[in-house]
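User: Can you walk me through this one? Start with the basics, then a strand, then the surface.
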Amino acid sequence: MGQQPITFVRQVVALCCFPELLDSPGFPDDAKQRAQRILQGCGGRSLGSYSASQGVECIRQDIAAYIQQRDQGVPADWDNVFLTTGASDGIMSILKLLVSGQGESRTGVMIPIPQYPLYSAAISELEAVQVNYYLDEDECWALDVRELQQRYQDAKQHCQPRVLCIINPGNPTGQVQDKKCIEEVLHFAYEENLFVMSDEVYQDNVYSPDCQFHSFKKVLYEMGPEYFNSVELASFHSTSKGYTGECGFRGGYMEVLNMDPEVKAQLVKMLSVRLCPPVSGQAAMDVIVNPPKPHEPSYAQFTKEKNLVLDALAQKAKMTEEILNSVPGIKCNPVQGAMYAFPQIFIPPRAIQEAQALSMAPDMLYCLRLLEETGICVVPGSGFGQREGTFHFRMTILPSTEKLKILLTKVKDFHLKFLQEYSAQETTQENQHRET
């Protein structure tokens with residue numbers, strides 16, 4: 001997508017991978033200090049060694065310190081931190097741990113619709129029961145606790161709902177849940193004894209001035225000891241998103257809260273089967289949670305690069321919303337956070353009929369036509385789930401501002417042409433019908 005890597009992240013990882021560079025004057029002292037600390041925590045002082053299954057100890061300590069600072073003093077125990085191969089590895093591990101039972105006692109997993117397909121794929125692989133709850137598109141994809149309650153009660157007729165998954169900020173929907181909503185969700189989870197999985201990989205990606213990221217853990221703490229000491233919670237973060245976009249490192253972590261010690265021991269045992277996450281990814285994760293401090297030499301450049309990425313994303317989020325909403329037949333909610341827009345599109349009845357004749361979802365037909373005619377690849381909303389009778393696509397806001405503007409103009413022109421083509425077909429068919 002053309003985004004330049006954050007220099008400090010690459011410097012520290014490079015130093016860890018090739019320690020001979022520690023003698024080079026071309027690297028700043030703060031990068032060298034972090035690399036030396038990480039290497040001291042690695043077996044044989046080498047990134048090529050296996051780490052402990054939970055991850056390098058000093059990196060877990062840095063993550064706990066980051067969480068405590070982010071949550072304004074809410075205590076974080078590094079023994080509850082697990083390094084993972086991206087957030088998806090952690091999500092899959094927790095689901096494996098929680099799924100059990102047969103028939104009506106089989107574990108039900110509540111997931112938002114629209115959802116990131118990792119969840120439905122994992123549920124299918126583990127043969128758990130998928131319990132959908134719908135986000136409210138008319139309220140900027142807000143999460144309504146009454147919807148959760150209704151879906152939970154319905155699911156109890158055929159499974160045992162045990163897990164509640166949240167994605168905040170949202171993928172593919174780009175919403176940022178407010179504090180009151182999170183409190184209601186956590187109260188619901190407390191009442192129904194649900195294990196909460198909070199996917200927070202986009203926590204740095206909040207663009208709307210009216211929105212703020214609230215971690216589920218911090219809100220849970222502020223609800224008081226009765227909640228904080230009882231609700232089981234796993235939260236996830238990653239090197240792949242935020243302002244770094246370092247997907248290839250496959251770095252991530254999860255923090256678990258209130259997990260029974262015997263269950264936690266089983267989690268450690270299960271994770272030991274996969275030996276350890278990539279140690280280079282662990283090093284990258286460490287830099288993200290332990291960036292340069294104001295008094296350190298890399299601080300100015302790091303802050304400039306970070307703000308450049310996030311400011312550009314905020315600008316592109318606003319531009320995407322405005323241009324898409326200027327197109328007849330497209331409605332796009334504000335892109336409050338994350339990296340995607342998920343506009344609703346009007347598809348004429350004739351196009352729906354054609355898609356059905358091809359055994360294809362109507363928005364898949366739309367997206368294939370868009371790809372064929374413009375070279376633009378977006379993902380149909382049917383791949384994420386959507387309310388019946390509505391159609392969407394997901395597009396990223398990651399291309400450069402100039403390229404994104406061209407892309408959005410092409411989408412606009414294509415959509416108008418698509419509407420005209422299928423509306424004209426309907427008019428022709430109506431006229432032919434009248435003549436006969």
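Analyst: Here are some ground rules, then one strand and one surface patch. This is a predicted model, where local features need pLDDT of at least 70, side-chain atom pairs count only at pLDDT 80 or more, and totals for chains, interfaces and linings use all residues. Residues are numbered from 1 along each chain as its sequence is written, and side-chain values use heavy atoms, with hydrogens and water left out.

User: Strand β5, residues 195-199: how many of its residues are buried?
Analyst: Five of its five residues are buried. Buried means under 20% relative accessible area, exposed over 50%, partly exposed in between (1.4 Å probe, protein chains only). Strands (E, at least two residues) and helices (H or I, at least four) are DSSP runs, numbered from the N terminus.

User: Which residues sit on each side of β5?
Analyst: Phe195, Met197 and Asp199 are on one side, with Val196 and Ser198 on the other.

User: How many bridges join β4 to β5?
Analyst: Five, and β4 (residues 160-167) runs parallel to β5. Strands pair if DSSP finds at least two bridges between them. Cys165 has Met197 as its bridge partner.

User: And between β5 and β6?
Analyst: Four bridges, again parallel; β6 covers residues 233-238. There, Phe236 stands opposite Asp199.

User: Switching to Met364: which helix is it in?
Analyst: Helix α14, residues 362-374.

User: Is Met364 buried, partly exposed or exposed?
Analyst: Partly exposed, at 31% relative accessible area.
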